[in-house]
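User: Hi! Could you walk me through the cavities and salt bridges in this one?
Analyst: Happy to, let's bring it up.

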Amino acid sequence: MKNEVMELARLLKSSKHVVVLTGAGMDTESNIPDFRGKEGWWKNRDPRTVATIDTFHENHSLFHQFYSMRLKMLEGIKPHRGHFILAELENKGMVQSIATQNVAGLHTMAGSRQVYELHGNIRNIRCNNCKHGAGVENFLEKETCQFCGKDALRPGVVLFGEMLPSEAWDGALRDIEKCDLLMVIGTSLEVYPVNQLPMLTKGKTVLINMEDRGSEGLFDLKIIGKAREVLEELHNTLEG
Ligand code: APR
């Protein structure tokens, strides 16, 4: 891995516009399960029976139980060193922005400023009807919207079949199309349309992932390893 990280450090230093695209593998070392890994959320659940607007309407208790569990397990969850290293690289002007599929907000918590939350943020609770904001507690208590009283509350995450937040998508697409280096960290690239982004950049592409999922030819450089470990190695190489 050392050689690949040295190559990544070289690419970083010679790039002007660097964008990072992260998935659930960026957060597993902060004890948030990923989706398709061995202990992932979708290990014994079909996502399309849980994370959909149909389930929200037709089997609300299942929807509420799944998202309440995920919200409760976020208590005490913190970014790990890898998140802080990415925030530091932004501060040094070496990373321009982060586009993430993750919904726990760990990049922002670690100090990253330009973060595009492509799949929303699980703590942003809102009414499914009038979009009026509410608190996590209101959602956990299964309250109806206090503003319009017409519908239940839901987390501000993108459910399967829903549109991505246009501002986040447009910003990420703009930055990724014109960047000269795209670092993709901890994602299976199984979910459309985010999985299209690495093919839309004119820049070099680097994958940092715990498992090698093939994707031959899509990446100029592949570093198979844990996100935190690789980012710490990158940090030491840059400081060295
Ligand atoms: N370091 C590096 N890679 C890791 C680590 C780690 N510590 N832990 C897991 N991984 C890898 C896994 O091997 C897997 O290839 O990260 C990838 C995570 O893939 P998924 O679980 O599919 O997560 P993601 O790609 O983010 O899923 C995209 O699917 O269900 C939807 O909305 C959900 O945003 C999510 C989307």
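**Salt bridges and cavities**

Analyst: Glu232 is partly exposed, at a relative accessible area of 24%. Keep in mind that this is a predicted model.

User: Which residue forms a salt bridge with Glu232?
Analyst: That's Arg228, with the closest N and O atoms 3.3 Å apart. Glu232 and Arg228 are four residues apart in helix 9, so about one helical turn separates them. Arg228 is partly exposed too, at 33% relative accessibility.

User: Which residues do shared salt-bridge partners join into one network?
Analyst: Arg36, Glu190, Glu211 and Arg213. The structure holds 13 salt bridges in total.

User: And Arg154, buried or exposed?
Analyst: Buried, with a relative accessible area of 1%. Arg154 pairs with Glu162 in a salt bridge, where the closest N and O atoms are 2.8 Å apart. Glu162 itself is partly exposed, at 24%.

User: Switching topic: how many cavities of 30 Å³ or more are there?
Analyst: Three. The largest cavity has a volume of about 140 Å³, and 14 residues line it. Ile32, Phe35, Arg70, Val103 and Ala104 lie nearest its centre.

User: What classes make up the lining of the largest cavity?
Analyst: There are 10 nonpolar, two polar and two charged residues.

User: Where does the largest cavity lie?
Analyst: Between domain 1 (1-32 + 78-119 + 164-240) and domain 2 (35-73 + 123-157), because both give residues to its lining.

User: How much space lies in the second largest cavity?
Analyst: About 40 Å³. Helix 5 (81-91) and helix 9 (227-239) each give two or more residues to its lining. That lining divides into three nonpolar, one polar and three charged residues.

Key
Residues are numbered from 1 along each chain as its sequence is written. This is a predicted model: local features need pLDDT of at least 70, side-chain atom pairs count only at pLDDT 80 or more; totals for chains, interfaces and linings use all residues. Side-chain values use heavy atoms; hydrogens and water are left out. On a 1 Å grid over the protein atoms alone, a cavity is a set of points where a 1.4 Å probe fits but cannot get out, and a pocket is an open set with protein on both sides within 12 Å along at least five of seven lines; lining residues have an atom within 4 Å of a point. Grid points are joined across faces, edges and corners, and a volume is the space filled by probe spheres set on the points. Ala, Val, Leu, Ile, Met, Phe, Trp, Tyr, Cys and Pro count as nonpolar, Asp, Glu, Lys and Arg as charged, and the others, Gly among them, as polar. Domain bounds come from an automatic or database domain assignment. A salt bridge is a side-chain nitrogen of Lys or Arg within 4 Å of a carboxyl oxygen of Asp or Glu. Buried means under 20% relative accessible area, exposed over 50%, partly exposed in between (1.4 Å probe, protein chains only).
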